[in-house]
Amino acid sequence: MNEAIKKTAKKFVIANWKMHGSLEQNHALLESYVSTLDNLKDTQVVVCVPYPYLAQVQSLLQGSGIAWGAQNLAKNENGPFTGEVSAQMLRDFGCEYVILGHSERATAYCESDGNIAEKFMVAMQHGITPILCVGETLIEREAGVMELKVGKQLDTIIDLYGADVFDGVVVSYEPIWAIGTGLAATPEQAGAMHKFIFDKLSQPNEAQKKPVKILYGGSVNPQNAVQLFEVENIDGGLIGKCSLNPQEFEGICQAAESSVG
Ligand code: PEP
């Protein structure tokens, strides 16, 4: 890992492969990532892959400027938890990041805000940076309660552990209605929510050592990325579908790189 790039990166672009890939496909995709994205100066690229591919990602990305991570972790350290994967196991494969609270998991596996908060703390204790996903449903947006919803998701962690735990963490605002729908939030919608998150996490925490990074996720593509990444408080993106296409992902990363003033 190129620590110099990581520490000074102003923007983050994080690939969420979800449950996609094969050894052969991943190999081609990762080679393409390395050949096109390794030299970005102001953008930290991270790729979050299914558990079985962590060893492959570690062997292909080690020594590059691209970091990697997982899409979930267990809140327990070890024990009789069939099918779970612990933070220490992720560390064994060089994971520096983990996506937590993604709405696809929260919905399908009934993950509560409290459960996600516990996983958040476990990740921190193991030196893995959480990529905490927050966001509202379409019904909540139409009812005008999107800030209440996102505020509650953040408050669950703040109430348990204090606002300081967000030092250096990545938060991704992911309106659920925008994920995988092709309908991204407008720069105005995203900008308003990012300001809300920024104010909430930064105000009580002026002595922050490392600023929180606030990403936008939900149908980002190389075209809308150009506008979205220029918006104040949008520090990059969490990318699902387009991360599986090397040209589109490169376009999004280049948009992040060019947006840094
Ligand atoms: C996601 O899964 O976090 C996501 C943002 O997906 P997509 O880019 O496909 O909307």
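Which residue of S6 does Ile131 stand opposite? Ile131 stands opposite Val170 in S6. The model is predicted, and residues are numbered from 1 along each chain as its sequence is written. Local features require pLDDT of at least 70 and side-chain atom pairs pLDDT 80 or more, whereas totals for chains, interfaces and linings use all residues, and side-chain values rest on heavy atoms, without hydrogens or water.

Ile131 belongs to strand S5, which spans residues 129-134. Strands here are DSSP runs of E with at least two residues, helices are runs of H or I with at least four, and both are numbered from the N terminus. Strand S5 is mostly covered, six of its six residues being buried; buried denotes under 20% relative accessible area, exposed over 50%, and partly exposed the range in between, for a 1.4 Å probe and protein chains only. On one side of S5 lie the buried residues Thr129, Ile131 and Cys133, and on the other Pro130, Leu132 and Val134, which are buried as well. Strand S6 (residues 170-173) pairs with S5 in the parallel sense over four bridges, where pairing requires that DSSP find at least two bridges between two strands. Strand S4 (residues 97-100) is likewise parallel to S5, again over four bridges, and Tyr97 stands opposite Thr129.

Strand S2 (residues 43-48) offers a second view of a covered strand, since six of its six residues are buried. Thr43, Val45 and Val47 occupy one face of S2, while Gln44, Val46 and Cys48 occupy the other. Strand S1 (residues 11-16) pairs with S2 in the parallel sense over six bridges, and Ile14 has Val46 as its bridge partner in S2. Between S1 and S2 the chain passes through helix H2 (residues 23-37), in a β-α-β crossover that is right-handed. Right-handed here signifies that, with the strands pointing away from the viewer, the path from the first strand over the helix to the second runs clockwise. Strand S3 (residues 67-70) runs parallel to S2 and is joined to S2 by three bridges; Val47 stands opposite Trp68 in S3. The chain crosses from S2 to S3 through helix H3 (residues 54-61), and this β-α-β crossover is also right-handed.

The ligand is considered next. There are 14 residues around the ligand, of which Lys18, Glu174, Gly180, Ser219 and Gly240 come nearest; a residue is near a molecule or strand if one of its heavy atoms lies within 4 Å of it. By class, this shell holds four nonpolar, seven polar and three charged residues. In this classification Ala, Val, Leu, Ile, Met, Phe, Trp, Tyr, Cys and Pro are nonpolar, Asp, Glu, Lys and Arg are charged, and the others, Gly among them, are polar. A polar side-chain atom of Lys18 lies 2.7 Å from an oxygen atom of the ligand, and a polar side-chain atom of Asn16 lies 3.4 Å from a ligand oxygen atom. From the backbone, a polar atom of Ser219 is 2.8 Å from an oxygen atom of the ligand. Taken alone, the ligand exposes 290 Å², of which the protein buries 98%; these areas come from the Shrake-Rupley method with a 1.4 Å probe.

Two residues are described by their backbone angles. Lys18, in the loop between S1 and H2, has a positive phi of about 50° although it is not a glycine. Cys110 has a phi near 50°, also a positive value in a residue other than glycine. Cys110 is found in the loop between helix H5 (103-108) and helix H6 (113-125), and it is exposed, with a relative accessible area of 66%.

Technical notes: A polar contact is a pair of N or O atoms within 3.5 Å; within protein, one must be able to donate a hydrogen and the other to accept it, and residues adjacent in sequence count only if both atoms are side-chain atoms.
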